[in-house]
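User: I am new to this structure and would like to learn how its descriptions are justified. Could you take me through the reasoning behind them?

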Amino acid sequence: MRLARIDTPDGIKQGPIDDGAVESDGERYEIGIDGTLAAPCTPTSIYCVGRNYTATLDQMAYDRPDEPDFFIKPPGSIAGHREKIPYPSFTEELTYAGELAAVIGERCHRLAYEEARSVIRGYTIMNDLDALDQQGRTARKAFVGSGPLGPWIETDLDPTAIDMYTEINGDKRQESNTELMLFDPFEIVSYLSARFVFEPGDVIAFGSPANPGTVEPGDTIEITYDGVGTLSNTIAEPVGSAVAWRK
């Protein structure tokens with residue numbers, strides 16, 4: 001089943017998708033006619049794992065981590081499917097990274113590996129946008145619009161061996177399979193749950209395969225995970241100008 005949220009003139013409606021429409025409270029909302037897809041959940045936090053594919057470690061000359069290497073994006077970083085993302089005015093090196101992500105379905109903490117699957121509502125896609133020339137992960141990855149998410153939540157999926165690819169303006173840039181993850185999704189959920197209390201709607205992204213690259217205003221990024229769908233966003237021109245920091 002695919003679960004979605006649609007932004008309508010009457011507010012956000014949510015429910016299963018059937019034949020191009022979201023069914024909510026006995027009503028049908030046609031996607032593209034009655035509204036546009038919003039981000040599929042409203043997380044309190046987005047937990048992001050990095051360095052989780054061997055090819056990425058080789059490409060970026062990273063050491064292999066002994067444990068999942070993670071960081072956190074705030075809820076304000078979320079953007080929806082097909083939402084235009086202004087190029088941040090404070091960077092000259094914006095990169096994309098196509099990632100599979102789990103959406104948590106219940107409040108939970110300290111999960112064993114074998115319990116992790118049961119707390120996942122389903123799976124979606126995240127684009128981990130990164131202002132690569134900024135200092136530290138928070139400055140690079142936690143800005144407004146840095147976490148496009150969608151297009152919906154797929155509840156019926158085995159995430160351990162699915163193909164993915166990322167296209168920029170129709171040109172394929174990333175291609176891999178989730179079986180090449182260093183830490184599988186359930187290992188990651190269990191590991192992070194020892195440190196955090198997950199709330200319903202929280203997102204855990206499992207890292208990007210090799211070949212994340214730079215994008216410019218006008219570029220359209222399309223990230224596809226088999227069995228989930230395709231997340232699409234276009235990079236727009238910067239809005240305003242950067243504010244210089246003065247000591």
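User: What percentage of the 247 residues of the chain count as buried?

Analyst: This is a predicted model, in which local features need pLDDT of at least 70 and side-chain atom pairs count only at pLDDT 80 or more, while totals for chains, interfaces and linings use all residues. Residues are numbered from 1 along each chain as its sequence is written, and side-chain values use heavy atoms, with hydrogens and water left out. Buried means under 20% relative accessible area, taken with a 1.4 Å probe and protein chains only, and 51% of the 247 residues of the chain count as buried.

User: Why is cysteine 48 called buried?

Analyst: Its relative accessible area is 0%, which is under the 20% cut-off, and therefore cysteine 48 counts as buried. Cysteine 41, with a relative accessible area of 5%, is buried by that definition too.

User: Why is cysteine 48 in no bond with cysteine 41?

Analyst: A disulfide requires a pair of cysteine sulfur atoms within 2.5 Å, whereas the sulfur of cysteine 48 is 12 Å from the closest cysteine sulfur, in cysteine 41, which is too far for a bond. The structure holds zero disulfides.

User: What makes the chain as compact as a globular protein of its length?

Analyst: The radius of gyration, taken over C-alpha atoms, is set against the globule rule of 2.2 Å times the number of residues to the power 0.38. The chain comes to 17 Å, close to the 18 Å that the rule gives for 247 residues, so the chain is as compact as a globular protein of that length.

Technical notes
Buried means under 20% relative accessible area, exposed over 50%, partly exposed in between (1.4 Å probe, protein chains only).
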